[in-house]
There are 2 protein chains.
Amino acid sequence: MSSRAEDTPSPRWGTGKPTINDVARLSGVSKKTVSRVINRSPLLNEDTRKRVLEVISELGYVPNPQARALALRTNFLIGLIHDNPNAQMVLNVQQGILEALQGTDFEMIVRPVDRGSAAMLDDVRHFLQRQRLYGVILLPPISENDALARLCDEAGCRYVRMGSAELDDADHMVASNDREAVRAATAYLIEQGHRSIGLIAGPHGFRSATERRQGFEDALAEARIKLPRSLIAEGNYTFASGLAAAEKLLDLSPRPTAIFASNDEMAAAVVHAARQRGVDVPGQLSVIGFDDTPISAHIWPPLTTVRWPIVSMARSAALKLLSGIGESDSEVAEPSMFLSTLVRRASVAPAPNP
Amino acid sequence: MSSRAEDTPSPRWGTGKPTINDVARLSGVSKKTVSRVINRSPLLNEDTRKRVLEVISELGYVPNPQARALALRTNFLIGLIHDNPNAQMVLNVQQGILEALQGTDFEMIVRPVDRGSAAMLDDVRHFLQRQRLYGVILLPPISENDALARLCDEAGCRYVRMGSAELDDADHMVASNDREAVRAATAYLIEQGHRSIGLIAGPHGFRSATERRQGFEDALAEARIKLPRSLIAEGNYTFASGLAAAEKLLDLSPRPTAIFASNDEMAAAVVHAARQRGVDVPGQLSVIGFDDTPISAHIWPPLTTVRWPIVSMARSAALKLLSGIGESDSEVAEPSMFLSTLVRRASVAPAPNP
DNA sequence: TGTCACCTGGAAACCGGTGTCATACAAGTG
DNA sequence: CACTTGTATGACACCGGTTTCCAGGTGACA
């Protein structure tokens, strides 16, 4: 029909949908009044509200979120920025966030990033500037990156970091007490008579790794057990790295009688490596992991591990965002510290007699 | 300043950001011309374009996506609707979709739903109506729900279903050839001398379950092996259900010498159950799974399994959405059928001599 | 009854882009 | 030279909500 078309994506919505004007006309009030009904303004005649609501449901009117977003200068989107340490964890976090968003107008958009990439910060900056999200949630391990938090500040974007460390800043952080949880787990091994306990630490520079390692050392120190350097191996939270670390520990002589791995992937690798060389778990080797991911229950023997309430933490992080960080009107503060607990399964047995 | 404030969420963006008007003023052209530059309109003087681009980069101008969305009646959001069958799979799909969205203005929002819930369809309907997404991608197993596809049609929302069946409708579907892949996997077991092979089927009513079962039966029929009913157990793709099914099969006498499980979770359960009752895998029992999720490589022994190119499929599904389904101008059709392949690991051995 | 504070609701502006159409100007054409 | 054709640009309405500002109506109170 038109003489020439400029190149634009073809629209699709907005043809048959009723607008706020239709509602206003049919209920005999102004747009503004309808808007007041939608936004639950308290200064509003009860009869008017009812009438408008009737028309709304009759017409099946749904306010256009784009228009709302434009007018309100908020886009009702929460971002989840993560660099996938573990699929189950990411999905649990998504679940927690979505639980918090339930019943609100907010939605979640997901942004995986590449921790290793040099362009990571620029990517995120670009992302934040373009999308102008209401706020973002940062997942460990990338949440430990302070530059990222500064970036959010600069971009004027609210944020909450999930972590496994002490709270530096309760307004922007939700954390679990990894150190204490690992101390308790290690103490449990010691209780079972183990004296030669190997540690597969997390990657250098990660707060969670440090916390877990400290918890481990706390327990040994309490029991006055010395920790030779050789009993410490490092992995980067992947199965492959755990395998290498486990092999190193299992080749020691004398072999440790127990190993604490800083996450389940690496603990699974320990079990894997042990089986490969005919070492019986838990008969000759006890193993404890961390995370309580499904794999810990599915392998044989099922892993004793530390469960951290990741879904609750994520939910709390999202609520914290929505309740307006640092704004004085947040009535009930969301909890910021969560307790992890030891889940006892079959991968731990009393230490064999020498 | 104002005498009274109505209750609205506090805005946060839009205070300091340069707008298209700023760019227009500073480069001495009209808004429309700036808009043309942004949208890469071809009818545009090269010098003007350069000048505007300079001003844009100088100002650090970023177009407001909400305003664009409103004007274009499209919100540049792709929805992923899934009911979590498996964390790794969901995450792989997210990765594939995001790869496809890379460099476009689109973002992905995630919507997990509860397959069991009666309110599921209403939830989704409500979600689609409210968000007015550009399009959605449906993941199995929920993608097999025809009512859901109809819902998308009614809501005027583009969609692509990912599946494991034949293509009913290549415009709206991306699929893998499960049947053939399972046939090949089963044939491999037969090649290894197995004659008594158990099947842990997927849940009744699921297309993927049917396809895989048929592939299994195809292979047996080819080799003229009879399949007694007792060798078929059913699970619902969870570890727990796999455990129950595995126990049933392992308690048979004579015991099957191999088991094909319709996904890795259930295959892992078979290994788990076997170990529990001292049956050696693969010495006394060979196992094959399906999906090639990480657990298949991490348990001992590592599982032989069928890998389907889920990331590529998801990427293709997203590209299919973006390229405008059913619109005549889609130049190169996205591939719709993907081939799954057998990954041979240590869980299969030749059948023991009776 | 007059004054005033307090609700309520309408008109118009606004959020920040894009579409339509008109216009100015250059080049091609018979 | 008048007339079409085509290119580059601008004015202005519009997307569908929200907000500002103001006026009319109401009840309380002197």
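# Contacts in a protein–DNA model

Biologist: How far does a polar side-chain atom of B:Thr48 lie from a phosphate oxygen of DNA strand D?

Modeller: This is a predicted model, and the distance is computed from its atoms. B:Thr48 is among the closest of the residues that surround DNA strand D. From a polar atom of the B:Thr48 side chain to a phosphate oxygen of DNA strand D, the distance is 2.4 Å.

Biologist: Is B:Thr48 buried or exposed?

Modeller: B:Thr48 sits in helix α3 of chain B, residues 46-59. Beyond its neighbours within four places in sequence, B:Thr48 touches B:Val29 and B:Thr33. Its relative accessible area is 15%, and the cut-off for this class is under 20%, so B:Thr48 is classed as buried.

Biologist: Which base atom of DNA strand D lies 3.1 Å from a polar side-chain atom of B:Arg36?

Modeller: B:Ser30 reaches the strand through its backbone, with an N or O atom 2.9 Å from a phosphate oxygen of DNA strand D. B:Arg36 uses a polar side-chain atom instead, and its partner at 3.1 Å is a base oxygen.

Biologist: Of the atoms of DNA strand D within 4 Å of the protein, what percentage belongs to sugar or phosphate?

Modeller: The atoms within 4 Å are divided between bases on one side and sugar or phosphate on the other. The contacts of B:Ser30 and B:Thr48 are both to phosphate oxygens. For sugar or phosphate the figure is 62%.

Biologist: Which element gives the largest share of the surface near DNA strand D?

Modeller: The strand is surrounded by 29 residues, including A:Ile20, A:Lys32 and A:Ser35. By class they are 12 nonpolar, 10 polar and 7 charged. Helices α2 and α4 of chain A, and α2 (31-38) and α4 (65-72) of chain B, each supply at least two residues. The largest share, 5 residues, comes from α4(A).

Biologist: What is the area buried between chain A and chain B?

Modeller: The size of an interface is often given as the accessible area lost when the parts come together. Here chain A brings 66 residues to the contact and chain B brings 65. Carbon and sulfur atoms give 55% of the buried area, which is about 6,600 Å².

Biologist: How many residue pairs are in polar contact across the interface of chain A and chain B, both at pLDDT 80 or more?

Modeller: The interface also holds 6 salt bridges. One of the pairs that meet in a salt bridge is A:Glu107 with B:Arg111, at 3.5 Å from N to O. With both residues at pLDDT 80 or more, the number of pairs in polar contact is 11.

Biologist: How many charged residues does the side of chain A that touches chain B have?

Modeller: On that side of chain A, at least two residues come from each of α2 (31-38), α4 (65-72), α5 (87-101), β2, α6 (120-131), α11 and α12 (294-298). By class, 31 residues are nonpolar and 18 are polar, while the charged ones number 17.

Biologist: Which residue meets B:Glu107 in a salt bridge?

Modeller: The N to O distance of this salt bridge is 3.5 Å, and the partner is A:Arg111. B:Glu107 is in strand β2 of chain B and A:Arg111 in strand β2 of chain A, so the pair joins two chains. B:Glu107 has a relative accessibility of 3% and is therefore buried. The partner asked for is A:Arg111.

Biologist: Which residues are linked with A:Arg68 and A:Asp105 in a network of salt bridges?

Modeller: Over all chains there are 41 salt bridges. The network joins A:Arg68 and A:Asp105 with A:Glu107, B:Arg111 and B:Arg130.

Biologist: Which residue of chain B meets B:Arg277 in a salt bridge, and which residue of chain A meets A:Arg277?

Modeller: In chain B the partner is B:Glu247, at 3.9 Å from N to O. B:Glu247 lies in helix α10 and B:Arg277 in the loop between α11 and β9, so the pair ties together parts 30 residues apart in sequence. B:Glu247 is partly exposed at 28%, as is B:Arg277 at 35%. The residue of chain B is B:Glu247, and for A:Arg277, at 2.4 Å, it is A:Asp251.

Conventions. Residues are numbered from 1 along each chain as its sequence is written. Chains are lettered from A and ligands numbered from 1 in the order in which they are written. This is a predicted model: local features need pLDDT of at least 70, side-chain atom pairs count only at pLDDT 80 or more; totals for chains, interfaces and linings use all residues. Side-chain values use heavy atoms; hydrogens and water are left out. A salt bridge is a side-chain nitrogen of Lys or Arg within 4 Å of a carboxyl oxygen of Asp or Glu. Helices (H or I, at least four residues) and strands (E, at least two) are DSSP runs, numbered from the N terminus. Buried means under 20% relative accessible area, exposed over 50%, partly exposed in between (1.4 Å probe, protein chains only). Contact means heavy atoms within 4.5 Å. Buried area is the accessible area (1.4 Å probe) that two parts lose on being put together, summed over both. A polar contact is a pair of N or O atoms within 3.5 Å; within protein, one must be able to donate a hydrogen and the other to accept it, and residues adjacent in sequence count only if both atoms are side-chain atoms. Ala, Val, Leu, Ile, Met, Phe, Trp, Tyr, Cys and Pro count as nonpolar, Asp, Glu, Lys and Arg as charged, and the others, Gly among them, as polar. A residue is near a molecule or strand if one of its heavy atoms lies within 4 Å of it.
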